[in-house]
Amino acid sequence: MRVVIIRHAEVDFRWSRRCTSARFDSECRAYDHSPIRNVTYSIPQIEYRRIYVSELPRSRDTAKLLFPDGKYYESGLINEVPLRSSYDTKMNMPLWFWNLTGRLQWYINCPRQAEGRRKTRERAKKFTEMIGKEDMDIAVVTHGFYMHTLLREMKEAGFRMVNSSVKFKNGEYVIAENDGFRKGIRA
């Protein structure tokens with residue numbers, strides 16, 4: 001069983017360098033609904049039996065670029081980890097500040113964020129179990145931050161990562177392999 005996990009294509013969106021909390025939240029929502037840039041990406045030539053996409057448009061649009069004739073299976077289990085401002089302020093703070101503090105809040109399961117690390121791990125574990133039962137070669141078009149959690153859960157389930165990275169650029173992929181699911185065991 002091979003799973004090719006692909007980060008979505010580059011999004012055609014320009015973030016403000018500095019913004020208030022309300023503006024940051026607004027831009028996060030706008031980013032989630034922005035189109036992707038039409039760029040060519042290279043992925044392994046495998047006979048994919050299923051192509052999973054998240055519920056966010058950039059994931060499906062990327063799949064359409066990579067697999068124009070494919071049938072897509074949408075799953076909220078592989079959505080990006082939602083992000084919002086870490087606190088309310090009218091001060092213009094740098095973009096890096098909002099990203100860093102929001103992700104720190106995610107890490108410690110702060111209720112200000114829509115989802116904490118615990119919930120993200122649960123989603124990734126459910127998705128890993130689901131695809132493990134299917135036991136077929138598949139493609140998964142998902143999101144950069146979420147990929148780290150998904151790959152960690154897949155490793156715990158016995159998958160081997162062929163070409164993993166610390167940071168995933170748009171269009172990059174990781175191949176995860178596991179023969180244990182075919183035998184009914186977790187390798």
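This passage describes the largest pocket, one buried helix residue and the nonpolar cores of a predicted model. Local features require pLDDT of at least 70 and side-chain atom pairs pLDDT 80 or more, while totals for chains, interfaces and linings use all residues. Residues are numbered from 1 along each chain as its sequence is written, and side-chain values use heavy atoms, without hydrogens and water.

The largest pocket (an open set of 1 Å grid points where a 1.4 Å probe fits, with protein on both sides within 12 Å along at least five of seven lines) holds about 750 Å³ of space. Its lining (residues with an atom within 4 Å of a point) comprises 25 residues, with Arg7, Tyr31, Glu80, Asn99 and Arg103 closest to the centre. Eleven of the lining residues are nonpolar, five polar and nine charged. Helix H1 (21-32; helices are DSSP runs of H or I, at least four residues, and strands runs of E, at least two) gives the most to this lining, with five residues.

Phe24 is found in helix H1. Phe24 counts as buried (under 20% relative accessible area) because its relative accessibility is 0%. Beyond neighbours within four places in sequence, its contacts (heavy atoms within 4.5 Å) include Trp15, Leu83, Trp98 and Asn99.

The largest nonpolar core (buried Ala, Val, Leu, Ile, Met, Phe, Trp, Tyr and Cys residues joined through side-chain atoms within 4.5 Å) has 24 residues, and Val140 is one of those with the most contacts inside it. Helix H5 gives the most to this core, with five residues. A second, separate core of 17 residues includes Ala9, Ile43, Val141 and Ile175.

Definitions and conventions
Points joined across faces, edges and corners; volume = space filled by probe spheres on them. Nonpolar A, V, L, I, M, F, W, Y, C, P; charged D, E, K, R; others polar. Buried < 20%, exposed > 50% of the residue type's maximum accessible area, 1.4 Å probe, protein only.
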